[in-house]
Amino acid sequence: MTAPGVRAGAPAGDTDDDLDVEEALALVREPREPGQPRRPGEPRQSAGDAASVSPAQDEHRHGPPAHGVPSAHRHRATPWPQAREIAARAARAGARRAPLSVPLADALGLALAAPLDALTDLPSFDTSAMDGWAVAGPGPWDVRDEGVLAGHGQPEPLTDGEAIRIATGARIPADTTAVLRSEHGRTDAQGRLHATRDTVHGQDIRPRGQECRSGDQLLPVGTLVTPAVLGLAAAAGYDTVTAVPRPRAEVLILGDELLTEGLPSEGLIRDALGPMLPPWLRALGAEVTAVRRLGDDARALRKAITSSTADLIVTTGGTASGPVDHVHPTLERIGAELLVDGVKVRPGHPMLLARVKENQHLVGLPGNPLAAVSGLLTLAEPLLRTLAAHPAPEPYTLPLAETVHGHPYDTRLIPVVLRGDAAIPLHYNGPAMLRGIAAADALAVVPPGGAQQGAETELLDLPWAAAGIGVCFT
């Protein structure tokens, strides 16, 4: 078993062996069907080019279609691991996002865009580490009437043989030898203080600069702002931090058949994605700026896409080739570049990723709920993670508690619960089902052909089950 974690060190994107985005896209440049958006760098196709490969030749090169999927679609679809890499690299291809000065209260989950350097010594003065007495010289000691509390000014210096009551965090008087803890001292009938154990010079005193000196680097660029980072920044004197801004996402809900309340009836179904996607995107680090319900209206879809200022537009449904599937034709009309057009994954294979314009991308999710979850974790998660300058999670595996049947050609994503050192597959994992994922801790990445009981299988943690910063839904 390999434990989950994140890579430490360099900020996300600083891997020397990565292909650049154009090299990655070259791997998926395939003939496209008429009416589909042109891919980056692809020459315009002539009629002769489109007819140059027969269906029989395509099947010979790429194998028979699976489960009724046309050969051209299988040819175009991108392998699942490669689709995730393309999504991450696409986010790095645009102009660098300007860092922001963010108040500490709003910085949780962001990545530092500048080092966190100490603005002062920590502590900034000698302080008491314990409640007790500040003492000078060897005992026994005469005890002053007054005491020293945290937050008060500098007390008068001590002389040898003198002690003063002191609270944790209070300033140490000049010429103090040590702090004697309350439980290690007693007073006699004359009010003199005696130590009940040996006193060492400097004990229980936090000297100025013990943790850092002014100007020391406390944390490097790229550090994820956790609650502990917020505490350190505040202790070091910061009111704001310089951070990579949260990516902005807009959700477009498509489909005339969706109800927003009440029971499904008369061919209409409840919209599951409208309530689910915004908080899921927030858990992935995005700021959701709008959720729009457009129905099956091509004109409204085009207007919504071309007027959006979000970094990521997420659409639901409409990614196939049915009579009201408007996503592909709309992207073609506005000149978007298809980076991923179908992924070899079940559920969710009709998902897509397009570059609408510089620094703006669109992830088209299938309309089925679990298929949409697959699209979120395949394409939206790596893109948002890269935009936010977060490190990629380290892959980790667990053995499967039972055999999982696979697709002949495609990766499968199966909801699982984690119990001990095993992943237990859940039922109700069809494309339209949410019952399995609602109870899941993770998704198991099942390779083509399936996985036997006991096989070590890669897992994708769900943000709220990973015990990480993603549990914050704010």
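Is W464 buried, partly exposed or exposed? In this predicted model, W464 has a relative accessible area of 34%. Because buried means under 20% and exposed means over 50%, W464 counts as partly exposed.

W464 also has a partner. The structure holds one aromatic pair, and W280 and W464 form it in an edge-to-face arrangement. The ring centres are 4.7 Å apart, with 75 degrees between the planes. W280 belongs to helix α7 (residues 273-283), while W464 belongs to the segment after β29 (456-461), so the pair ties together parts that are 184 residues apart in sequence. Unlike the partly exposed W464, W280 counts as buried, because its relative accessibility is 4%.

The surroundings of W280 are worth a look. Leaving aside neighbours within four places in sequence, W280 is in contact with V373, L376, L377, I437, L462, P463 and W464. W280 is also a member of the largest nonpolar core, which has 46 residues. Together with L281, W280 has the most contacts inside this core. Helix α10 (residues 369-387) supplies the largest share of the core, 10 residues. A second, separate core has 17 residues, including L112, C212, V229 and A233.

C212 leads on to D121, a residue in the loop between β4 (116-117) and β5 (127-128). Although placed in a loop, D121 counts as buried, because its relative accessibility is 10%. What does the side chain of D121 reach at 2.9 Å? One answer is the backbone nitrogen of S214. The D121 side chain also makes a polar contact with the side chain of R208, again at 2.9 Å. Not counting residues up to four places away in sequence, D121 touches R208, G209, C212, R213 and S214.

A second loop residue, G161, sits between β7 (142-148) and β8 (162-166). Which residues does G161 touch, not counting those up to four places away in sequence? They are A136, P138, P140, W141 and D142. For P140, the C-alpha to C-alpha distance to G161 is 6.7 Å, although the two residues are 21 residues apart in sequence.

Finally, two arginines are found over aromatic rings. R171 lies over the face of F125, at 4.8 Å from the ring centre. R435 lies over the face of Y428, and here the distance to the ring centre is 4.0 Å.

Technical notes:
Residues numbered from 1 in each chain as written. Predicted model: local features only at pLDDT ≥ 70, side-chain atom pairs only at ≥ 80, totals over all residues. Heavy atoms only, no water. Core = buried A, V, L, I, M, F, W, Y, C linked by side-chain atoms within 4.5 Å. Buried < 20%, exposed > 50% of the residue type's maximum accessible area, 1.4 Å probe, protein only. Helix = DSSP H or I, 4+ residues; strand = E, 2+ residues; numbered from the N terminus. Contact = heavy atoms within 4.5 Å. Polar contact = N/O pair within 3.5 Å; in protein donor to acceptor, adjacent residues only side chain to side chain. Phe/Tyr/Trp six-rings, centres within 6.5 Å; stacked < 30°, edge-to-face > 60°. Lys NZ or Arg CZ within 6 Å of the ring centre and 35° of its normal.
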